[in-house]
Amino acid sequence: MERLQKVIANSGYCSRRKAEELINDRKVKVNGKFAVIGMQVSDKDEIEVEGNTIAKEDKVYFLLNKPRGVVTTAKDDKNRTTVVDLINTSKRIYPVGRLDYDTTGLLILTNDGELANLLTHPKSEIEKVYVAKVKGIVSYENIKKLSSGVYIDGIKTAKAKAKIIRFDKDKKTTIVELTIHEGKNHQVKKMFESLGYEVLKLKRERESFLDLQGLNVGEYRNLTPKEVKKLYGELNSKQN
Ligand code: URA
C-alpha cells in the first residue's frame with residue numbers, strides 16, 4: 001500500500017504537490033469515489049485523475065550519454081531526433097532535466113515521476129559536473145568569480161567549483177571543469193557568457209554519484225536497483 005499522492009506522482013502525471021491540489025479540488029477518484037489526501041491505495045485500486053485512469057507501469061531508469069544534435073524532450077514538433085528516440089523501450093519515458101541540443105553527456109530518463117521531480121527540485125541540490133571548452137584564455141580571477149557566483153538574468157548563482165583543466169595557447173581555448181548544484185536554463189553557458197566567454201563545447205560528466213564510465217556517446221544503460229535506491233536516499237535526505 002502506498003499514499004495516493006505518491007502513486008499519482010510516480011505515474012508521471014504530475015508532481016506530488018500538484019496531486020495533493022487535485023485531490024483537494026475533488027479531481028481525483030479512487031474506485032469511483034472522491035479521494036482524500038493521504039489515503040492508502042494498492043495496485044488493485046482504480047485511480048482516476050481529471051478523468052484519466054492512472055496506468056500502473058513498472059519503473060525503468062536509463063542513463064544516456066547524449067550525443068550532440070539530439071533534442072532533450074520526449075516529442076519534438078520539428079521532428080528532430082529526441083533523446084527518447086535513442087532508447088529502445090516500450091515504456092513512456094521522459095528526460096530528467098535538460099541538456100542543450102549541442103551539449104553532450106549524462107542524462108537520466110525514466111517513467112518514475114517522483115524521482116524526476118526530486119532530481120529537478122531546487123532543494124535537492126544535486127551536484128552536476130560539466131566540462132566546457134571555452135573560447136579564449138580563462139583567467140584565474142574569472143575562475144574565482146565562477147566559484148563565488150556570477151549574475152545571470154539578474155540573479156547570483158550559488159557557490160560552485162571551477163577549475164582549469166588545460167589551456168591551448170595556440171588555439172586560444174581553455175578547458176574548464178565546473179561543478180554546480182543548480183539547474184537554471186543554459187546555466188553553464190550563461191555563467192561563462194557573464195564573464196565574456198563563449199562556450200564552444202559542453203559535456204555533463206557527472207550527476208550525483210553517477211558518471212559516464214563504460215558509455216560511449218549515444219550509448220545508454222539501465223540504472224541498477226542499488227543505484228536507484230541510493231539516489232532516492234540522497235534526494236529524500238535533502239527534502240527534510
Ligand atoms: N548548462 C548549459 O548551458 N547547457 C546545458 O546543456 C547544461 C547546462
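**Exercise 1. Find which helix gives the second largest pocket the largest share of its lining, and place that pocket among the domains.**

Step 1. Helix α3 provides the largest share of the second largest pocket's lining, 4 residues. Helices (H or I, at least four residues) and strands (E, at least two) are DSSP runs, numbered from the N terminus. A pocket here is, on a 1 Å grid over the protein atoms alone, an open set of points where a 1.4 Å probe fits, with protein on both sides within 12 Å along at least five of seven lines; lining residues have an atom within 4 Å of a point.

Step 2. Before going on, note that this is a predicted model, where local features need pLDDT of at least 70 and side-chain atom pairs count only at pLDDT 80 or more, while totals for chains, interfaces and linings use all residues. Residues are numbered from 1 along each chain as its sequence is written, and side-chain values use heavy atoms, with hydrogens and water left out.

Step 3. Look around the centre of the second largest pocket: of its 20 lining residues, S11, G12, Y13, R92 and Y94 lie nearest.

Step 4. Domain 1 (2–53) and domain 2 (61–123 + 210–239) both contribute lining residues, so the second largest pocket lies between them. These bounds come from an automatic or database domain assignment.

**Exercise 2. Identify the residues nearest the centre of the largest pocket, and the elements that line it.**

Step 1. Of 29 lining residues, K128, Y130, E182, G183 and K184 lie nearest the centre of the largest pocket.

Step 2. Turn to the elements: α3 (113–120), β10 (128–135), α5 and β15 (199–207) each give the lining of the largest pocket at least two residues.

Step 3. Domain 2 and domain 3 (127–207) each supply at least three residues of that lining.

**Exercise 3. Compare the surroundings of two salt bridges, K190 with D153 and R204 with E207.**

Step 1. A salt bridge needs a side-chain nitrogen of Lys or Arg within 4 Å of a carboxyl oxygen of Asp or Glu. In the pair K190 and D153, the closest N and O atoms are 2.9 Å apart. This pair links distant parts of the chain, with K190 in helix α5 (residues 187–194) and D153 in the loop between β11 (151–152) and β12 (155–156), 37 residues apart.

Step 2. For R204 and E207, the closest N and O atoms are 3.5 Å apart.

Step 3. Check accessibility: buried means under 20% relative accessible area, exposed over 50%, partly exposed in between (1.4 Å probe, protein chains only). K190 is partly exposed at 21%, and D153 is exposed at 62%. R204 is buried at 4%, as is E207 at 5%.
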